[in-house]
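The following exercises introduce a protein model to a reader who has not met it before. Each exercise gives a task and then a solution in steps.

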Amino acid sequence: MPVGPAGRKGHQPGMVPSLACVAGGAVERLGTRRGPANYSKIRNMTTTLSAVSNEPGTRAVSQGANSQLIWQIMESAHYFTAQPAGPFTRKPLTVELAGATRHLQTSSGIFSPDGVDKGTAILLSDVPPPAPQGNLLDIGCGWGPIALTLGLMAPHARVYAVDVNERCVTLTNENAAALGLANVTASLPHEVDPAVEFDTIWSNPPIRIGKDELHSLLLNWLPRLAPGGNAWLVVQKNLGSDSLQRWLAAELDASFSVSRESTSKSFRIIRVRKASR
Ligand SMILES: C[S@@+](CC[C@H](N)C(=O)[O-])C[C@H]1O[C@@H](n2cnc3c(N)ncnc32)[C@H](O)[C@@H]1O
């Protein structure tokens, strides 16, 4: 499998989102520097926030909207860890997937816990139907909106859903069972048989893990497209979609073609095609 080194020519590292972080009474705006460094800063800051939240100088920010902001930051900084902090408490989630209302479960400590993320919704509405048979993949499944949609749209295909967050793996499996989808299996990434090739890959990839990790993630899965297979990735424009597209085009071998398929709101859909034999 051609796995190249990450971070090469043409790549502008993705910007992290701009977050107003409140710590010890100070407001710091992140997102003006590039790369994963800011994420470790946020991760470290969550510890700081926990530690200082009872200090007199921070009383004002530990209440009301600011308190909510702090917890949102803490959660967003940790959703892609294997075992997120806080109890794994399931709560009901009602969403529209594949044209019908679905009653599912979600929890804290995961990405977009309260509904279908905006980028994910764009992916689900804009890309063509998946291969009707064969192997389909959702890279970074969260609570399962993409994998479940694949399973509902392609009942004769086998859907693989992977995530590093164990809570996501559990929720996606439970949500698949709730929908009666025996064709959807979620697992940790290393549990998928490395010999399996995929006819369709759909993903809202974890841009926020940092450039090098994102590159190695994509170079682990995209070369496993089957001949004639397609991957569709939704990436926010201000998180480096265009530079990621250029990087993929430069990095994948000549049997792949990379194109921008659409732009909707602030999102791009990148298509990676593997030539037929
Ligand atoms: C942007 S979220 C998308 C989640 C879900 N597909 C959705 O649309 O709501 C990306 C997901 O990738 C997961 N992730 C992070 N690093 C990963 C890795 N190395 N391999 C697989 N999944 C990863 C995160 O835990 C997160 O659930």
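How do the residues of the shell around the ligand divide into nonpolar, polar and charged? The model is a predicted one, in which local features need pLDDT of at least 70 and side-chain atom pairs count only at pLDDT 80 or more, whereas totals for chains, interfaces and linings use all residues. Residues are numbered from 1 along each chain as its sequence is written.

**Exercise 1. The ligand shell**

Task: classify the residues around the ligand.

Solution. Step 1: a residue is taken as near the ligand if its C-beta atom, placed from the backbone, lies within 6 Å of it. Step 2: 22 residues surround the ligand, and the closest are F80, T120, G140, G142 and P206. Step 3: Ala, Val, Leu, Ile, Met, Phe, Trp, Tyr, Cys and Pro count as nonpolar, Asp, Glu, Lys and Arg as charged, and the others, Gly among them, as polar. Step 4: the shell then divides into 14 nonpolar, six polar and two charged residues.

**Exercise 2. The overall make-up**

Task: state how many helices and strands the protein has, and what share of its residues is buried.

Solution. Step 1: helices (H or I, at least four residues) and strands (E, at least two) are DSSP runs, numbered from the N terminus. The protein has seven helices and 11 strands. Step 2: a residue is buried if 20 or more other C-beta atoms lie within 10 Å of its own, exposed if 12 or fewer, and partly exposed in between, with C-beta atoms placed from the backbone. Of the 277 residues, 40% count as buried. Step 3: two residues are in contact if their C-beta atoms, placed from the backbone, lie within 7 Å. Among contacts between residues at least 6 apart in sequence, 69% join residues at least 24 apart.

**Exercise 3. The seven-stranded sheet**

Task: give the order of the strands in the open sheet and identify its edge strands.

Solution. Step 1: strands of a sheet pair through backbone hydrogen bonds, either parallel or antiparallel. Two strands are said to pair if DSSP finds at least two bridges between them. Step 2: the order is β7-β6-β5-β8-β9-β11-β10, with mixed pairing. The edge strands, β7 and β10 (256–264), each pair on one side only. Neighbouring strands of this sheet are turned by 15° against each other on average, direction ignored. Step 3: β5 (residues 134–139) runs parallel to β6 and is joined to it by six bridges; one partnership is that of D138 with A161 in β6. Step 4: β6 and β7 are also parallel, with four bridges, and A161 has A186 as its bridge partner in β7. Step 5: in a regular strand the side chains alternate between the two faces of the sheet. In β7, V184 and A186 are on the covered face, while T185 and S187 are on the uncovered one.

**Exercise 4. Helix α5**

Task: check the length of helix α5 and describe its surroundings.

Solution. Step 1: the expected span of a helix is 1.5 Å times one less than its number of residues. The 13 residues of α5 (residues 166–178) should therefore span 18 Å, and the end C-alpha atoms are indeed 18 Å apart. Step 2: the buried residues of α5 are R167, C168, V169, L171, T172, N175 and A176. Step 3: their cover includes β4 (100–106), α4 (145–153), β6 (157–162) and β7 (184–187). Step 4: α5 lies across β6 and β7 and runs at about 165° to β7, where axes are lines fitted to C-alpha atoms, for helices over the stretch in contact, and angles run from 0 to 180 degrees between N-to-C directions. Step 5: just after the helix, G180 has a positive phi of about 70°.

**Exercise 5. A hairpin and two loop residues**

Task: describe the hairpin of β3 and β4, then decide whether S112 and K265 are buried, partly exposed or exposed.

Solution. Step 1: β3 (residues 91–97) pairs with β4 in the antiparallel sense over seven bridges, and T94 stands opposite H103. Step 2: two residues separate the strands of this hairpin, and A98 in the turn has a positive phi of about 50°. Step 3: S112, in the loop between β4 and α3 (118–126), has a positive phi near 45°. S112 is partly exposed because 18 other C-beta atoms lie within 10 Å. Step 4: K265, in the loop between β10 and β11 (267–274), has a positive phi near 55°. K265 counts as exposed because it has 11 C-beta neighbours inside 10 Å.
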